Amino acid sequence: MPESAAVPAARPTPSDPAELSAEDGKLVVLARGARGRVGAVEGAAVRDQDGRTYAAASVALPSLTITALQLAVASAVAAGATRLEAAVVVTEASTLDGAGHAAVRDLSADAPIHVAAPDGTVLGTVVE
């Protein structure tokens, strides 16, 4: 499926893992849980400006494909979030998908996006 012009094709590569705060550690747990509950390819979680968290799993239907990070951001926006403090995506990939990255950046230019392996090990952090 080709990416639209509105979604960057670049796949940001995480830098060395940032030291996770306790709150960001909770996002890893939520993202792993979302992924595991449905056996999805990816799980994600975000924290908004009020400290509320939103977790989601990737969706792949014949009529709808959305990454876990896009869905977590969409859930936050639907609940009234206007800014994100942090995001986590749990995936087997070694890079962050461009669409999920763009969704987070729509709400926050500087929120760290931690990329973690399915076992919860943080592989790296995207800050740009």
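The following paragraphs describe a sheet, the helix packed on it, and a mostly covered helix in a predicted model. Residues are numbered from 1 along each chain as its sequence is written, and side-chain values use heavy atoms, with hydrogens and water left out. Local features need pLDDT of at least 70, side-chain atom pairs count only at pLDDT 80 or more, and totals for chains, interfaces and linings use all residues.

The sheet is open and has 5 strands in the order S2-S1-S5-S6-S7, with mixed pairing. Helices (H or I, at least four residues) and strands (E, at least two) are DSSP runs, numbered from the N terminus; two strands pair if DSSP finds at least two bridges between them. Strands S2 (53–57) and S7 (122–126) stand at the edges with a single partner strand each, so one side of each has no neighbour in the sheet. On average, neighbouring strands are turned by 15 degrees against each other, direction ignored. Axes are lines fitted to C-alpha atoms, for helices over the stretch in contact, and angles run from 0 to 180 degrees between N-to-C directions.

Strands S1 (residues 43–48) and S5 (residues 84–90) run antiparallel and are joined by 6 bridges. Within this pair, Ala45 stands opposite Val88 in S5. Helix H1 (residues 22–38) packs on the sheet, touching S1, S2, S5, S6 (113–116) and S7, where contact means heavy atoms within 4.5 Å. The direction of H1 makes about 40 degrees with that of S5.

Helix H3 (residues 98–107) has 9 of its 10 residues buried, that is, under 20% relative accessible area (1.4 Å probe, protein chains only). Among them are His101, Val104, Arg105 and Leu107. The cover over the buried residues of H3 includes helix H2 (68–78), S5, S6 and S7.

Terms used:
Buried < 20%, exposed > 50% of the residue type's maximum accessible area, 1.4 Å probe, protein only.
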